Amino acid sequence: MDFTARYVALGDSFTEGVGDDDPTLPNGVRGWADRVAEQLGSADPGFGYANLAIRGKKLRQIMAEQVDAAVELKPTLVSIYAGANDILRPKVDIDNLLVDYDAAIAKLTATGAKVVMFTGFDSRGSKVFSTTRGRTAIYNELVRGIAGDHGALLVDYWRFSEYYDWGMWAKDRMHMSAAGHANMAKRFLTVLEHDHSIEVPPMTPVPELGKVEAIRANARWVREFAAPWVVRRVTGKSSGDNLQPRYSQLTRL
């Protein structure tokens, strides 16, 4: 099929769609990028969509594995969010890392495609991830500069206060829920100034827990999600090691 409009999504679990479970779809997830593609393609028979994002990927892995592949697809629209997995590492040179990010954005914008970037989320509401808040703030300022230098659009995740509601997050407290992904799709399309008909599904209520119940819930979270995540980091493994991109070639959803 000859696609005249081509959207290619790059990144890690955020863009792959982790947290928005759908066992009928590739890798068992849907996500905000799929929702965006559905809206963009609803009135355009020449629209194609590829999603190269894979969970667990760090910024330089995304640059090495996804950017050239995206360029080969001759995109008219590219979204990219990379660096969150680097920020969570014990040590990271954000300034040096974003020199590579800048080069990748230059390569993507040189195709003539409209490029959309993201700032990182303000994790001040998380007792665990708020320790990386300062790193994310530095990352965001550099991202703003890169976007400005290359004429990229920016989805300013840092300022989306609706994500302080835990109903926007999956049980693992690391990835957006279905409601969070749907809301992100709306935010993205707003930046594109594109009409949409997306409705955010009801959020699963997060009950107020007493002290003892909260301790038990946190212990379950550590056992089921945090501990396996730490083990993967220590052993150099990734949740995306055996996964392929959800849509490596242009398709219509």
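Which residues of helix 5 are buried? In this predicted model, they are Ile94, Leu97, Leu98, Tyr101, Ala104, Ile105 and Leu108.

**View 1. The buried side of helix 5.** The buried residues named above cover an arc of only 105° around the axis, which puts them on the same side of helix 5. The helix itself comprises 16 residues, and the distance from its first C-alpha to its last is 22 Å, close to the 22 Å expected at 1.5 Å a residue.

**View 2. Surroundings of helix 5.** Strand 1 (5-11), helix 3 (59-72), strand 3, helix 4, strand 4 and helix 6 are included in what covers the buried residues of helix 5. Exposed residues Asp95 and Val99 lie on the face of helix 5 turned away from its buried side.

**View 3. Helix 6 and its buried residues.** Helix 6 spans residues 133-150, 18 residues in total, and reaches 26 Å between its first and last C-alpha, close to the 26 Å expected at 1.5 Å a residue. Its buried residues are Thr136, Tyr139, Asn140, Val143, Ile146 and Ala147. Viewed down the axis of helix 6, these buried residues fall within an arc of 130°, so they line one face of the helix.

**View 4. Packing and outer face of helix 6.** Strand 3 (77-81), helix 4 (84-87), helix 5 (94-109), strand 4 (114-118) and strand 5 (153-155) are the elements against which the buried residues of helix 6 pack. On the face turned away from the buried side, helix 6 carries the exposed residues Glu141, Gly148 and Asp149. Just after helix 6, Gly151 adopts a positive phi of about 70°.

Note on methods. Residues numbered from 1 in each chain as written. Predicted model: local features only at pLDDT ≥ 70, side-chain atom pairs only at ≥ 80, totals over all residues. Heavy atoms only, no water. Helix = DSSP H or I, 4+ residues; strand = E, 2+ residues; numbered from the N terminus. Expected span 1.5 Å × (residues − 1). Buried < 20%, exposed > 50% of the residue type's maximum accessible area, 1.4 Å probe, protein only. Arc of directions from axis to C-beta. Contact = heavy atoms within 4.5 Å.
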